[in-house]
Amino acid sequence: MKKLVFLILTCGLIFACGYRFSLQEVEGKRAGIKRLDINTVYIYSFVNKTQRRGIENLLQNALVYEFSTGEGPKLVKKDEAEAFLQGEILNYQETSVAYTRQEYAVSGKVSLAVRVVLMDKNGQIFWENPHLFDQESFAFGQTPSQTEDNKKQAIRRILQRMAERIYEVLRVQH
């Protein structure tokens, strides 16, 4: 009986987290890249519209890594690019999600929303995701600096997943 309850709870957690196969995004957004035969991309710095400093640089670094190591469109200098990737970090939130009996927070959640646009030299939009969203939990540490380090790791994981999702959409359509 305990095993059955554990199995049901585990399945519920997995399916309730909001994860989905990334190609579902691709199927709904097949516009442009494959038909336009885009092989080179330049990544502009993303605009950070949040109070959390530096996350725009972390996202750009994650995107550069994906484009540099992947098999899809290649990252090039601005004057050599056929398409330009840019966007905005729209929202950053952190919340406490678990507490002790004494009402001290023991874990939190970070969530980010990003707008991403791929366009040509004339500003024509090839592809856009106006609200790319992700979230990650983190543990509170014994000290504020440990908690901040855990939060930063959670942010990096979110931004890496976002970069992978963006690149996968563009790679599949390449």
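A salt bridge here is a side-chain nitrogen of Lys or Arg within 4 Å of a carboxyl oxygen of Asp or Glu. Glu 128 and Arg 115 form one, with 2.9 Å between the closest N and O atoms. The model is predicted. A search of the whole structure turns up 8 salt bridges. Three pairs are set out below, followed by a network and a polar residue in a helix.

**Strand to strand: Glu 128 and Arg 115**

- Glu 128 lies in strand E6 (residues 125-139) and Arg 115 in strand E5 (residues 105-119).
- The pair links distant parts of the chain, 13 residues apart.
- Glu 128 is partly exposed, because its relative accessible area is 28% and the partly exposed class lies between 20% and 50%.
- Arg 115 is also partly exposed, at 27%.

**Strand to helix: Glu 136 and Arg 161**

- The side chains of Glu 136 and Arg 161 form a salt bridge, 2.8 Å from N to O.
- Glu 136 sits in strand E6, while Arg 161 belongs to helix H5.
- These two residues are 25 apart and join distant parts of the chain.
- Glu 136 has 16% relative accessibility, so it counts as buried, the cut-off being under 20%.
- Arg 161, at 21% relative accessibility, is partly exposed.

**Helix to strand: Lys 151 and Glu 94**

- Lys 151 pairs with Glu 94 in a salt bridge whose closest N and O atoms are 2.7 Å apart.
- Lys 151 is in helix H5 (residues 144-173), and Glu 94 is in strand E4 (residues 83-99).
- This link also spans distant parts of the chain, with the two positions 57 residues apart in numbering.
- Lys 151 is buried because its relative accessible area is 9%, which is under 20%.
- Glu 94 is partly exposed, with a relative accessible area of 38%.

**Salt-bridge network**

- Lys 151 and Glu 94 also belong to a network of salt bridges.
- Arg 52 and Glu 148 are the other members of that network.

**Gln 60 and its contacts**

- Gln 60 is located in helix H4 (residues 55-69).
- Its relative accessibility is 17%, so Gln 60 counts as buried.
- The Gln 60 side chain makes a polar contact with the side chain of Ser 45, at 3.2 Å.
- Leaving aside residues up to four places away in sequence, Gln 60 touches Ile 43, Tyr 44 and Ser 45.
- Ser 45 therefore appears both as a polar partner of Gln 60 and among the residues that Gln 60 touches.

Methods: Residues are numbered from 1 along each chain as its sequence is written. This is a predicted model: local features need pLDDT of at least 70, side-chain atom pairs count only at pLDDT 80 or more; totals for chains, interfaces and linings use all residues. Side-chain values use heavy atoms; hydrogens and water are left out. Helices (H or I, at least four residues) and strands (E, at least two) are DSSP runs, numbered from the N terminus. Buried means under 20% relative accessible area, exposed over 50%, partly exposed in between (1.4 Å probe, protein chains only). A polar contact is a pair of N or O atoms within 3.5 Å; within protein, one must be able to donate a hydrogen and the other to accept it, and residues adjacent in sequence count only if both atoms are side-chain atoms. Contact means heavy atoms within 4.5 Å.
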